[in-house]
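User: I am new to this one and would like a short walk through it. Could we begin with how two of the helices pack?

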Amino acid sequence: MTQLKNKVALITGGGSGIGRATAVLFAQEGAQVAVADVNLDTAEETVQMITDSGGQAFAFQADVSRADDVQAMVGEVVARYGRLDCAFNNAGIEGLPTRTMDVTEADFDRIIAVNLKGVWLCLKYELEQMVAQGGGAIVNTASVAGLTGAHSMPAYAASKHGVVGLTRTAAVEYGRKNIRINAVCPAVIETPMVTRGFETLPQFLEATIRINPMRRLGQAEEVARAVLWLCSDSASFTNGAALTVDGGFTAQ
Ligand SMILES: NC(=O)c1ccc[n+]([C@@H]2O[C@H](COP(=O)([O-])OP(=O)(O)OC[C@H]3O[C@@H](n4cnc5c(N)ncnc54)[C@H](O)[C@@H]3O)[C@@H](O)[C@H]2O)c1
C-alpha cells in the first residue's frame, strides 16, 4: 500500500462518490491528500474517514467554476504540503434529464461551467505548479458520455467530450515537461449522483444494468483504482489516454 508514498494529491469533488473513494484509496497508498469540494461538510467527512485510519488529509471549500477558488485551492495545497504530485479533477454535476431543445440556457451554462471550465481552471493552476516543480500526473473525470452521445444529457455529454479534448491537448503540450494528463471515462457508477437520477427515473436502473455487458453498475472503488494506476509511476508512459471504466459498454 505504498504506490503514492511521499506524494501530494489534490482531489476535487472529494466529498462524495468517486472523489471520496479515490481520496480514501490515495491516502491508504501513502499520499497526503487535499479533499476539495463545494460542500465543505462532506469534504470534512472524507478527511475524517482518512484520519480515522491513520492517513493525512485536509478539507478545502472550492467551487471549481470560480477561478479565485481554484487558484486558492492549489495555493493552499502547496502552502501545506510543499508541492503537488497528483491531481484528480473530478468535481461534476449531471443536471436534470432534458432533451436538447428543452434545455434552458442557465442549465447549459452551469453544467459547462462546472464540468468543463472547472477542469480547465484546475489544469491551469495545477500545471503552473507542476511545471515549476518539474513533473506530475493529472487525471480528469470525463465519462462514457465523453465518447458517445448520451440521450437527454446534451450539456453533460458536450462538457465531457470537452474534457477529453482538454485532456488530450494538455497531454500533447506538457508531456515534455514530465507531466502526464489522462482522463477516466466511467459508465454508470453507483454513487449519490446516480442514486438521485434513478429516484427521478426508476425504470432506467434495470435498463442500465441490462445494456451493460457485465450486467451491473460500476462501483466508485473500481474507478478509484483506475485513477490510482494513472497517477502512479506504473503508468509512466501513459499520457493523453481516455481510459474507459465501463464494463465494456463502449465496446459494443
Ligand atoms: N456516477 C456516475 O455514473 C458517473 C459516470 C461517469 C462520470 N461521472 C463523473 O464522475 C464525477 C464524480 O461523480 P459522482 O458520481 O461521484 O458524483 P457525486 O455527486 O456523488 O459527487 C460529486 C461531488 O462534486 C461536488 N461538486 C459539485 N459541483 C462542484 C463544484 N462546482 N465545485 C466543487 N465541487 C463540486 C459535489 O459536492 C460532490 O461532492 C463527475 O464529474 C461525474 O460527472 C460519474
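**Helix packing, ligand shell and fold**

Analyst: In this predicted model, helix α3 (residues 67–81) packs with helix α4 (residues 105–133) at an angle of about 35 degrees, and their axes are 9 Å apart.

User: Is the crossing of α3 and α4 left-handed or right-handed?

Analyst: The crossing in which α3 passes α4 is right-handed.

User: Which residues make the contact?

Analyst: From α3 the contact takes A67, V70, Q71, V74 and V78, and from α4 it takes L121, C122, Y125, E126 and Q129. Sorted by class, the contact of α3 with α4 consists of 7 nonpolar, 2 polar and 1 charged residues.

User: Changing topic to the ligand: which residues come nearest?

Analyst: There are 30 residues around the ligand, and of these G13, G17, G92, T191 and M193 come nearest.

User: And which elements give two or more residues to that shell?

Analyst: Those elements are α1 (17–28), α4 and α6 (192–200). Helix α4 thus appears both in the shell around the ligand and in the packing with α3.

User: How do the shell residues divide by class?

Analyst: The shell around the ligand has 13 nonpolar, 15 polar and 2 charged residues.

User: Let us step back to the whole chain. How many helices and strands are there?

Analyst: The protein chain has 8 helices and 7 strands. Its C-alpha trace spans about 50 × 35 × 35 Å along the principal axes.

User: What does the radius of gyration say about the chain?

Analyst: The radius of gyration of the protein chain is 17 Å, which agrees with the value near 18 Å for a compact globule of 252 residues. Of the 252 residues, 46% count as buried.

User: What about contacts between residues distant in sequence?

Analyst: Taking contacts between residues at least 6 apart in sequence, 72% join residues at least 24 apart.

User: One residue to finish: where is A242 found?

Analyst: A242 lies in strand β7 (residues 242–245).

User: Is A242 buried or exposed?

Analyst: A242 is buried, because 22 other C-beta atoms lie within 10 Å and the cut-off for a buried residue is 20 or more.

User: What does A242 touch?

Analyst: Leaving out residues up to four places away in sequence, A242 touches A142, G146, L147, V164, T167, A183 and C185.

User: And how far apart are A242 and N140?

Analyst: A242 and N140 are 102 residues apart in sequence, and in space they are 9.1 Å apart, C-alpha to C-alpha.

Technical notes:
Residues numbered from 1 in each chain as written. Predicted model: local features only at pLDDT ≥ 70, side-chain atom pairs only at ≥ 80, totals over all residues. Axes fitted to C-alpha atoms, helices over the stretch in contact; angles between N-to-C directions. Helix = DSSP H or I, 4+ residues; strand = E, 2+ residues; numbered from the N terminus. Left-handed = near helix turned anticlockwise from the far one by under 90°. Contact = placed C-beta atoms within 7 Å. Nonpolar A, V, L, I, M, F, W, Y, C, P; charged D, E, K, R; others polar. Near = placed C-beta within 6 Å. Rg over C-alpha atoms; globule rule 2.2 N^0.38 Å. Buried ≥ 20, exposed ≤ 12 C-beta atoms within 10 Å, placed from the backbone.
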